[in-house]
Amino acid sequence: IAPLALAGAENNLKSYKGVVMINEDRLTVMETEQDAARDAAAARSAELDAEKHVAQFQMDELRRKLADAEAAKVRLAREVEELRRKVAVAVTPVRAVVPYTPAA
């Protein structure tokens, strides 16, 4: 009976080793998938960081352009007001400036 029991134990051991190897392979696959997912997440994070920097640069550029446009608007408003004053002086009738005295 001992040789038969020994043979059965060896078969059980081989079976157990097979199961262990299968589980090790599964674990290796899972670790590889996890590493790949981590790498993909890191790559996506880097892409998002780059997009964030580009968006920030564009926002800063638009803020500068807006400030320039607002300054130009103020300048133009001053010029328009100055031109209105000049036009008002130029078209003021002479009799409004010189008092009217009837001819004798």
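At 37% relative accessibility, D35 counts as partly exposed in this predicted model, and its side chain meets that of R38 in a salt bridge with an N to O distance of 2.8 Å. R38 is likewise assigned to the partly exposed class, its relative accessibility being 48%. Both D35 and R38 belong to helix 1, which spans residues 2-90, and they are three residues apart, about one turn of the helix.

The chain as a whole contains two helices and zero strands, and buried residues account for 0% of its 104 residues. The exposed surface amounts to about 9,700 Å², of which carbon and sulfur atoms supply 64%.

Six salt bridges are found in the structure. In addition to the D35 and R38 pair, D60 forms a salt bridge with R63, for which the closest N and O atoms are 3.4 Å apart; D60 and R63 also lie in helix 1, with a spacing of three residues, or about one helical turn. Within this pair, D60 is partly exposed at 29% relative accessibility, and R63 is partly exposed with a relative accessible area of 49%.

A further salt bridge joins the side chains of E82 and K86 (3.4 Å, N to O). Because E82 and K86 are four residues apart in helix 1, about one helical turn separates them. E82 is partly exposed, with a relative accessible area of 40%, whereas K86, with a relative accessible area of 52%, is exposed. Salt bridges that share partners also connect R44, E47 and E51 into one network.

Key
Residues numbered from 1 in each chain as written. Predicted model: local features only at pLDDT ≥ 70, side-chain atom pairs only at ≥ 80, totals over all residues. Heavy atoms only, no water. Buried < 20%, exposed > 50% of the residue type's maximum accessible area, 1.4 Å probe, protein only. Areas by Shrake-Rupley, 256 points an atom, 1.4 Å probe, with all protein chains shown as cover. Salt bridge = Lys/Arg side-chain N within 4 Å of Asp/Glu carboxyl O.
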